[in-house]
Amino acid sequence: MRSACIDIGSNTTRLLVAEPSGAGLREVLARRMFVPLVDGTGGAIDSETVTVLASVVAAHAALAREAGAEHIQAVATAAIRHAANREALCAAVKRESGLRVRILDDAEEARLAFAGATGMIPAPPAGTIGVVDIGGGSSELVAGTVSGGVSWYVSVRVGSGVLTERHVHGDPPTAAELEVLRTEAEMAFAGIDAPRPASLYAVGGSATSLRKLCGDELSTAALDAALGLVAAWPVRDAARRLSLARERVRLLPAGLVLLRAASAAFGGLPLEVARGGLREGVVLEDFAADRAT
């Protein structure tokens, strides 16, 4: 069985086609397209963006079918969850792709991100695991165990796209803009009484793009060093020097300060970049349902 997930995120629409491999999965095909859905003000997503998004989802669905996916799910997170015109957007996607969009609430988003992160750990620890999911329109802090699933989570309506649109206007961002990002990120997680996990993982576009800069472990020092690099040059130059997409480089300062603040909320434990996230969680859930029938 091959299954596919199209994850309509606040910044990026991603496709994963995978097949079962032991208790986990093997990636068959992965694609992404940057389609920003947040503008920092909330409200409705403009009609031109809706049209572009519907076409992107249709193209991803066609690729998934060509790759042999028997089941394709389209899921959406914070940007569509909070959009005033989300029904019209979902209808446009259905017309173009034939897929019904499953809009995840914050609890489902946290559960699936946790399942995808922990399900891709080769030898997961027995104790409590923390997962940080920094998205474009929201951020989730999650804790639980492999055997018991999620036992605690918090979702805040602050993400890399939201903070970037609100506060970053310089290219590169100014020192004052970076300070505002740090302050708002710290305020977003202030007062959260998170469990103290044995290990802490990061998922989402900001975290995965940092492998090229930091490796798999994101300590406070590594995050600060990466921010210094990313913010040192205009977006075009930083993207070329760091071999990252321009769209991701623009969002990374906000993503980095959010990752740092989320790590602090979990007691300052270093983050490890997870090998799976929400898409993997959706596909693994699909495999589990297939085995149960």
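**Exercise 1. A bent helix**

At which residue does α11 bend, and which proline follows within four residues?

*Solution.* The model is a predicted one.

Step 1. Find the helix. α11 covers residues 246-265 and has 20 residues.

Step 2. Check its span. From first C-alpha to last, α11 reaches 29 Å, close to the 28 Å expected at 1.5 Å a residue.

Step 3. Look for the bend. α11 bends by about 45° at Leu 252. The proline that follows within four residues is Pro 253.

Step 4. Look at the surroundings. In α11, 15 of the 20 residues are buried, so the helix is largely enclosed by the rest of the structure.

Step 5. Look past the end. Gly 267 follows α11, and its phi is positive, near 85°.

**Exercise 2. The partner of α11**

Work out how α9 and α11 are oriented and which residues meet.

*Solution.* Two packed helices are described by the angle between their axes and the distance between the axes.

Step 1. Take the distance and the angle. The axes of α9 and α11 come within 10 Å and cross at roughly 160°.

Step 2. Classify the angle. Angles over 145 degrees count as roughly antiparallel. That makes α9 roughly antiparallel to α11.

Step 3. Add the handedness. The crossing of α9 past α11 is left-handed.

Step 4. List the residues. α9 brings Thr 220, Leu 223, Asp 224, Ala 226, Leu 227 and Val 230. α11 meets them with residues including Val 249, Leu 256 and Arg 260. Leu 252 and Pro 253 are also among the α11 residues that meet α9.

**Exercise 3. Two oblique pairs**

Classify the crossing of α1 with α3, then that of α5 with α6.

*Solution.*

Step 1. Start with α1 (residues 47-66) and α3 (residues 86-97). Their axes come within 8 Å and cross at roughly 40°. That makes α1 oblique to α3.

Step 2. Name the contact. From α1 it involves Val 50, Leu 53, Ala 54, Val 57, Ala 58, Ala 61 and Arg 65. From α3 it involves Leu 89, Ala 92, Val 93, Glu 96 and Ser 97.

Step 3. Look at the spacing. An α-helix has 3.6 residues a turn, so residues three or four places apart point the same way. Compare that with the numbers of Val 50, Ala 54, Val 57 and Ala 61 in the α1 contact.

Step 4. Turn to α5 (residues 160-167) and α6 (residues 175-189). Their axes come within 10 Å and cross at roughly 140°. That makes α5 oblique to α6.

Step 5. Name this contact. Leu 163, Arg 166 and His 167 come from α5. Glu 177, Val 180, Leu 181 and Glu 184 come from α6.

Step 6. Give the handedness. The α1 and α3 crossing is right-handed. The α5 and α6 crossing is right-handed.

**Exercise 4. Backbone exceptions**

Find what is unusual about the bond from Asp 171 to Pro 172 and about the phi of Ser 243.

*Solution.* Most residues other than glycine have a negative phi, and most peptide bonds are trans.

Step 1. Check the bond. From Asp 171 to Pro 172 the peptide bond is cis, with omega near 5°. Pro 172 sits in the loop between α5 and α6.

Step 2. Check the phi. Ser 243 is not a glycine, and its phi is positive, near 55°. Ser 243 lies in the loop between α10 (235-242) and α11.

**Exercise 5. Buried or not?**

Decide whether Gly 24, Ala 222 and Arg 211 are buried, partly exposed or exposed, and give their contacts beyond four places in sequence.

*Solution.* Buried means under 20% relative accessible area, and exposed means over 50%.

Step 1. Take Gly 24, in strand β3 (residues 24-34). Its relative accessible area is 11%, so Gly 24 is buried. It is in contact with Leu 284 and Phe 287.

Step 2. Take Ala 222, in helix α9 (residues 220-230). The value is 18%, so Ala 222 is buried. Ala 222 touches Cys 214 and Glu 217.

Step 3. Take Arg 211, in helix α8 (residues 211-214). Its value is 25%, so Arg 211 is partly exposed. Arg 211 touches Asp 216, Val 273, Ala 274 and Arg 275.

Step 4. Set one contact against the chain. Arg 211 and Val 273 are 62 residues apart along the chain, yet their C-alpha atoms are separated by 7.5 Å.

Note on methods:
Residues numbered from 1 in each chain as written. Predicted model: local features only at pLDDT ≥ 70, side-chain atom pairs only at ≥ 80, totals over all residues. Heavy atoms only, no water. Helix = DSSP H or I, 4+ residues; strand = E, 2+ residues; numbered from the N terminus. Expected span 1.5 Å × (residues − 1). Bend = angle between axes of the 7 residues up to and from the residue. Buried < 20%, exposed > 50% of the residue type's maximum accessible area, 1.4 Å probe, protein only. Axes fitted to C-alpha atoms, helices over the stretch in contact; angles between N-to-C directions. Parallel < 35°, antiparallel > 145°, perpendicular 65-115°, else oblique. Left-handed = near helix turned anticlockwise from the far one by under 90°. Contact = heavy atoms within 4.5 Å.
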